[in-house]
Amino acid sequence: MENVSIGLLGFGTVGSGVVHIINAHQDRLEHQLGCQVSIRKILVQDPTKPRKVDLKDAVLTQDVNDIIDDPTIDVVIEVMGSVEDTKDYVSRALRNKKHIVTANKDMMALYGNELLQLAQENEVDFYYEASVAGGIPIIRSLVEGLAPDRLTNLMGILNGTTNYILTKMSQEGRDYADVLKEAQSLGFAEADPTSDVEGLDAARKLKILASLGFSMDIDLADVSVAGISNVTQNDLEFCHQLGYSMKLIALANRDNGKVEVSVEPTLIPHEHPLAAVNNEFNAVYVNGEAIGELMFYGPGAGMLPTATAVVSDLMTVIKNMRLNVTGNSMTPPQYEKNLKTDDEVAAKYFVRLLAVDIPGTFAEVTTLFGKNDISLEKVLQLPVANEAHAEIVVTTYKTRKSNFNKVLQALENSIAVKNIKSYYRIEGE
């Protein structure tokens with residue numbers, strides 16, 4: 001094998017990075033692989049658009065069939081995004097015995113198992129490291145490096161947009177809308193930021209990680225999701241005062257064979273390693289029965305970090321081709337899916353509410369927690385200027401999620417409480 005030929009679906013930010021790395025690091029690739037790697041064809045929307053990378057001998061095409069049906073192309077790299085059309089292209093390429101490398105988290109979250117099964121049936125490889133955390137090699141670490149261990153906990157900051165927003169709000173005292181606008185101007189947030197700020201992007205990534213880490217077929221619908229769009233500067237100030245930082249945490253826990261998966265704004269102690277992960281960076285904190293605690297940290301997006309993960313997967317495919325061991329990139333789940341109920345989920349919580357400032361109100365509030373078997377760890381009560389109300393902030397000891405939901409309903413119905421301003425989960429203690 002003197003040369004491996006690549007077809008590239010998509011030539012945006014990541015696709016340009018892939019071309020750059022393959023061209024600029026050709027000597028490194030040839031030394032590692034024992035063969036040359038060349039990009040033969042690239043699917044684009046506009047072939048006349050100026051490009052900042054050297055195409056060398058690559059041919060631009062607007063017809064995906066020029067890549068899928070080309071018998072000389074060995075590996076298809078998919079970096080075009082979208083889901084349904086892309087899934088169709090990838091499926092057809094697999095049936096044509098082409099190996100696949102993708103960075104598409106949305107496609108993998110929805111159709112990953114189906115595509116991996118199709119790859120196995122056609123005896124070709126399918127790798128997707130770049131789909132979760134950009135340049136952080138977390139998938140390979142879970143599948144290979146931590147394969148002998150049983151993981152009990154995954155906590156991740158998997159979305160750079162929300163981490164950038166929360167960092168700026170916390171460190172600079174700015175409001176959500178102001179920082180979001182800045183993130184959009186810097187290219188950290190899309191014009192429509194819904195997928196990022198409402199936690200959907202992180203949920204798709206967590207679905208992939210939890211399925212691999214727990215060897216269990218987790219569905220996207222199994223992930224409980226809440227975003228950061230309602231986080232206020234007051235929330236962050238109280239969190240800091242109580243010794244916490246707020247992050248959008250993707251959390252997966254396993255206890256006694258049962259799993260919980262969620263994405264939500266979460267308070268973590270200032271001394272926790274994830275509290276130091278700021279701006280657009282990502283991190284995944286892993287706990288295993290044998291290995292103990294590990295943290296993976298780095299750029300979760302960007303042209304060259306993500307392209308590095310893509311090309312790393314490409315190198316794995318080529319090594320497998322040379323060893324004639326392709327078609328084994330899927331390991332079926334070991335365990336049946338077994339999700340925790342609200343009675344089995346336990347956590348500490350932060351609650352901030354506005355109460356009527358009259359004698360007995362504080363006692364009424366604390367009694368409601370006690371009636372639902374929830375003990376309070378910390379309590380703050382502050383008068384509200386020019387209003388006949390008091391702001392009460394509490395943190396609880398660990399309690400069942402079902403009990404916490406009951407006390408929220410009781411607080412909503414109490415005449416002593418005007419409204420619940422916010423509530424968040426606490427982790428990492």
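This briefing describes the overall build, the charged pairs and one buried residue of a single protein chain. The model is predicted. The chain has 429 residues, of which 53% are buried, and its secondary structure comprises 15 helices and 17 strands. By the distance rule used here, there are 24 salt bridges.

**Overall build**

- Taken along the principal axes, the box filled by the C-alpha atoms of the chain is roughly 85 × 45 × 35 Å.
- The radius of gyration of the chain is 24 Å, which agrees with the value near 22 Å for a compact globule of 429 residues.
- Among contacts with a separation of 6 or more, 74% join residues 24 or more positions apart.

**Surface and charge**

- About 19200 Å² of the chain is exposed, and 47% of this area comes from carbon and sulfur atoms.
- The chain carries 39 positive and 58 negative side chains.
- The centres of these two sets of charges lie 1 Å apart.

**Salt bridge between aspartate 70 and arginine 40**

- Side chains of opposite charge can pair when their charged atoms come close.
- In the salt bridge of aspartate 70 with arginine 40, the closest N and O atoms are 3.2 Å apart.
- Aspartate 70 sits in the loop between α3 (65–68) and β4 (75–78), while arginine 40 belongs to strand β2 (residues 36–43), so the pair ties together parts that are 30 residues apart in sequence.
- Aspartate 70 has a relative accessible area of 7%, which means that this residue is buried, because the cut-off is under 20%.
- Arginine 40 is partly exposed, at a relative accessible area of 38%.

**Salt bridge between lysine 337 and aspartate 219**

- Lysine 337 and aspartate 219 form a salt bridge in which the closest N and O atoms are 2.8 Å apart.
- Lysine 337 is in the loop between α13 (303–323) and β13 (346–356), and aspartate 219 is in the loop between α11 (200–213) and β8 (224–225), so this salt bridge ties together parts that are 118 residues apart in sequence.
- Lysine 337 is partly exposed, with a relative accessibility of 34%.
- Aspartate 219 is also partly exposed, with a relative accessible area of 35%.

**Salt bridge between arginine 425 and glutamate 427, and a network**

- Arginine 425 pairs with glutamate 427 in a salt bridge whose closest N and O atoms are 2.7 Å apart.
- Arginine 425 is buried, at a relative accessible area of 3%.
- Glutamate 427 counts as buried too, with 13% relative accessibility.
- Elsewhere, Lys168, Glu172, Arg174, Asp178 and Glu182 are joined into one network by salt bridges that share partners.

**A buried residue: leucine 115**

- Leucine 115 is part of helix α5 (residues 105–121).
- The relative accessible area of leucine 115 is 0%, so this residue is buried.
- Leaving out residues up to four places away in sequence, leucine 115 touches Lys87, Val90, Ser91, Leu94, Met107 and Phe126.
- Methionine 330 is 215 residues away from leucine 115 in sequence, yet their C-alpha atoms are 9.8 Å apart in space.

Note on methods:
Residues numbered from 1 in each chain as written. Predicted model: local features only at pLDDT ≥ 70, side-chain atom pairs only at ≥ 80, totals over all residues. Heavy atoms only, no water. Salt bridge = Lys/Arg side-chain N within 4 Å of Asp/Glu carboxyl O. Helix = DSSP H or I, 4+ residues; strand = E, 2+ residues; numbered from the N terminus. Buried < 20%, exposed > 50% of the residue type's maximum accessible area, 1.4 Å probe, protein only. Rg over C-alpha atoms; globule rule 2.2 N^0.38 Å. Contact = heavy atoms within 4.5 Å. Areas by Shrake-Rupley, 256 points an atom, 1.4 Å probe, with all protein chains shown as cover. Lys, Arg positive; Asp, Glu negative; His and termini not counted. Charge placed at Lys NZ, Arg CZ, Asp CG, Glu CD.
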